[in-house]
There are 2 protein chains.
Amino acid sequence: MKDNIAELRKIFGDRILEKKEDLVPYMKDASYFEGNIPLAAVIPKNSEEISKLMKICSREKIQVVMRSGGSALTGSPVPNGDSILISMSAMNRILETHLDDGYIVAEPGLRLDDLNNYLSKLGFFYPPDPASSMAATVGGSISTNAGGLRACTYGTTKEWILGLELVLPSGEIVEVGGRTLKRTKGYDITALMAGNEGTLAIITKAYLKIWPIPEEIGRILAYFKDVEKMGRSISELKGRGIIPYIAEFMDKLSLETIKKARNIDSPEGSNYLLMIDIASTHESIDRMLEDAKKIIEAEGPIVIRITRDKDEMAKMYEARKGLYSSSLGLRDFKDEYIEIGDVVVPPSQLPESLMEIESALKEYNLKAVLFGHIGDGNIHANILVDLNNKDHVERVEKFQMAIAKIALKHGGSVSAEHGIGLEKKELLLEELRERNSMEVLTLMKNIKKAFDPEGIMNRGKIFD
Amino acid sequence: MKDNIAELRKIFGDRILEKKEDLVPYMKDASYFEGNIPLAAVIPKNSEEISKLMKICSREKIQVVMRSGGSALTGSPVPNGDSILISMSAMNRILETHLDDGYIVAEPGLRLDDLNNYLSKLGFFYPPDPASSMAATVGGSISTNAGGLRACTYGTTKEWILGLELVLPSGEIVEVGGRTLKRTKGYDITALMAGNEGTLAIITKAYLKIWPIPEEIGRILAYFKDVEKMGRSISELKGRGIIPYIAEFMDKLSLETIKKARNIDSPEGSNYLLMIDIASTHESIDRMLEDAKKIIEAEGPIVIRITRDKDEMAKMYEARKGLYSSSLGLRDFKDEYIEIGDVVVPPSQLPESLMEIESALKEYNLKAVLFGHIGDGNIHANILVDLNNKDHVERVEKFQMAIAKIALKHGGSVSAEHGIGLEKKELLLEELRERNSMEVLTLMKNIKKAFDPEGIMNRGKIFD
């Protein structure tokens, strides 16, 4: 191993970290999993360096783990046993911009907010918008197939990747997909990389589709007492062909949280906030907001109003995206941690699913902030958990399985947009069992072997 | 083999075809490839029957080939050696409709026009729109990842599949993906099925995303003398954030063809027609058409006009979709066949690519109608070929390789939306070589083995 590290030093010079204190930050992502200290961490500047690294690692059968923003919520980039950690932080450039052809070329370490700040000046944007976009990167968001707030119109990351440059475990550099919207090149390896969580190959370059920013965006804020009424509102909107730009909901505890953290008030008696953004043209935005408002009004919210005030809209959007950190304000003592549930159901199934989730919270005597992307049926639960209390940890685990089963019962999935990582492996098995599809696990294991015969890529993630 | 056929008779009753005259129609698709007569053709009614069939075929190592609409253009469903042909024609139902959740559930044999006729009455549509939509089916269009006229806004088929029920070569029935826009279930097997051309598994049910029909659609018809000016028009539109609903072009010979076949006139001196459809709201459609018209006008077309006349729009749309059959009117004698080129480049590269393609036509002394989806850079060439003339056939082959190389040179791909099948295997290899990505072929072969260890699924398609 010492010889191998010496070899790596020749490739990476001062961009290899070997001291314990330098390596500790790479033990964890944003989840509660404690990983092992990596053997070393390297900070490559280009795909050739990664290729050289992989040739050594495949020869010596040394495991590698990739890390970009470190904002993963399920332990995906947490080193699991001896491994070399590859930090993508120095590969963070926008390499090409082609507005007329609708794509950019970016390195994997580029942060999503940096990409969108750049694009917004040009009138374009990159739609995937996970709440962690300040930290989340191009590579990490592809690896988990991140979704976020705009998915009900724009889908998840997988719909925005045209092509990739990959370094295979063998060290070979290949291009998959390409620069065009259409292309047929046999099996879609590009698509397979979306959600691979670093277990198949290393993304070193991404060809990403971009889109023009809508002319106008307006917002409807509707406060409800009853979850059924809120749920019917979104079903009515979508059933009548109104696809919101974003459609979020927050429960009572979420509203209390943003009141505490950001001083945003809610009307008396509100148990749920439905926040609908509508994108349209200059001429149509007012009519479309009014149309949508009328449909929601018919369901009987406590208060409903339209806002076009950009500052107010931005403040609420940030409050919604910041719910993870502000939920920390609900802790009874500082060692409590937030574990996040991330299930998805067809949106029409959301009210019933939410009621069952609320019952499960009571059953396991847990406190959680419930919110999410109602437009695509994605429910998040920020669950407070005392990691030092074994009984508490067990109840949270049982609750996670309970909400997974609720999602499955209503035609949904156990994981929506945070990946599987270490945390949701058991839930994934539950889904495969429930759908009589255990053979898919065999297929996935065979696909893993097709890419990574030595098993050196991010071991033990997604499945064992 | 006789025993096996007897076993199949028990499963399929009178839905098994064994007589030569009944089997002949299954030897060909819409390409020029002559296949073998299958051992038998079966017409299953459900996935259980297909499961039973596959258990027999995997046990006996008998090859299977799937066929839906028979409109494939590259020989994908052409039986290649001894095989059982599975016709999906009896599995053509819409099983569920969920407008509020934005999806339908369909069987693979459902024709795309039948699906869209059904959805249009509900105010929704399924965007993938290959020119063969009258015959093309859900299963076939997934298997080739079909694109069509609306891809520049809506992408190709792969972006509209939420989940699939599959029968694996072993006979196991599994579900992949699901009913929701977001879902994380490990490797995206659903995505891998898009473009698999029947080589991995059998699609028996599809969960397809649907979308509201735009409020208004209008059209700009711009006739150009110069290809550069036409090309700059689309680059300018897209660069300024105007994404057309459809953006088609036709060359001079295409215009002559539709004049002959449908009596549609073009202004004197027109070498190219640019047909841009803009979708927008009631209030904005006129302004958006005017905005787009001004941008195109600045590039100097011979004639430019806007039409909102639905009959005129439908007539031209049908003429464009019917170019394949009307190109037959250009034949000098009736044995001539139309072979279709299907390359793609980033749209900004289209003018230069087209000029080079026109030179190649001259070099090989061939006649071809050039047209395609300029919005996504997809160029089609309907090439007239006399299959009885060896020299002619060879020149067409060389021309196909020449346009593939032109596409690659300009950052594109050798195949856009018709698949690889039997026809484009050599071109695919050329692309992998050109991109220094031959290792991807190994990956694809390994993936094939992961699904189909006995090699019984549609042998010899995509790669050898």
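This dialogue introduces the contact between two chains and the sheets of chain A in a predicted model.

Colleague: How should one read the extent of the contact between chain B and chain A, and how many residues does each chain give?

Modeller: The size of an interface is often given as the accessible area lost when the parts come together. In this predicted model, chain B and chain A bury about 7,200 Å² between them, with 60% of that area on carbon and sulfur atoms. The contact draws on 87 residues from chain B and 87 residues from chain A. Of the area that chain B buries against chain A, 14% is supplied by Lys182(B), Thr184(B) and Tyr187(B), more than by any other three residues.

Colleague: How many salt bridges and how many residue pairs in polar contact are counted between chain B and chain A?

Modeller: A salt bridge is read from the distance between a side-chain nitrogen of Lys or Arg and a carboxyl oxygen of Asp or Glu, which must be within 4 Å. Between chain B and chain A, 14 salt bridges are counted. One case joins the side chains of Arg435(A) and Glu175(B), at 3.5 Å from N to O. The count of residue pairs in polar contact between the two chains, both residues being at pLDDT 80 or more, is 37.

Colleague: Which elements give two or more residues to the side of chain B that touches chain A?

Modeller: They include strand 9 (173-177), helix 8 (227-239), helix 10 (285-297) and helix 16 (439-451) of chain B. Helix 16 of chain B gives the largest share of that side, nine residues. Sorted by class, the side of chain B that touches chain A has 33 nonpolar, 31 polar and 23 charged residues.

Colleague: Let us turn to chain A. In what order do the strands of the seven-strand sheet stand, and is the pairing parallel or antiparallel?

Modeller: A sheet is read by following each strand to its partners. In chain A, seven strands form an open sheet in the order 15-12-14-13-17-18-16, with antiparallel pairing. Strand 15 (303-307) and strand 16 (336-344) of chain A each have a single partner strand, so one side of each is left without a neighbour in the sheet. From one strand to the next, the twist averages 15 degrees.

Colleague: Over how many bridges do strand 12 and strand 14 of chain A pair?

Modeller: Strand 12 (residues 216-224) and strand 14 (residues 272-280) of chain A pair over nine bridges, in the antiparallel sense. Within this pairing, Ile217(A) has Ala279(A) in strand 14 as its bridge partner.

Colleague: Which helices of chain A lie on this sheet?

Modeller: Helix 9 (residues 252-262) of chain A lies across strand 13 (246-251), strand 14 and strand 17 (368-373), and runs at about 90 degrees to strand 13. Helix 14 (residues 390-409) of chain A touches strand 16 and strand 18 (378-386), and its direction makes about 170 degrees with that of strand 18.

Colleague: What is the order of the four-strand sheet in chain A, and which strands stand at its edges?

Modeller: The order is 1-2-4-3 in an open sheet of chain A with mixed pairing. Strand 1 (16-17) and strand 3 (64-67) of chain A stand at the edges with a single partner strand each, so one side of each lacks a neighbour in the sheet. Strand 3 and strand 4 (residues 84-87) of chain A pair in the parallel sense over four bridges, and Met66(A) stands opposite Ile86(A) in strand 4. Helix 3 (residues 47-60) of chain A lies across strand 2 (40-42), strand 3 and strand 4, at about 165 degrees to strand 4.

Definitions and conventions: Residues numbered from 1 in each chain as written. Chains lettered and ligands numbered in written order. Predicted model: local features only at pLDDT ≥ 70, side-chain atom pairs only at ≥ 80, totals over all residues. Heavy atoms only, no water. Contact = heavy atoms within 4.5 Å. Buried area = accessible area lost by both parts, 1.4 Å probe. Polar contact = N/O pair within 3.5 Å; in protein donor to acceptor, adjacent residues only side chain to side chain. Nonpolar A, V, L, I, M, F, W, Y, C, P; charged D, E, K, R; others polar. Pairing = 2+ DSSP bridges. Axes fitted to C-alpha atoms, helices over the stretch in contact; angles between N-to-C directions.
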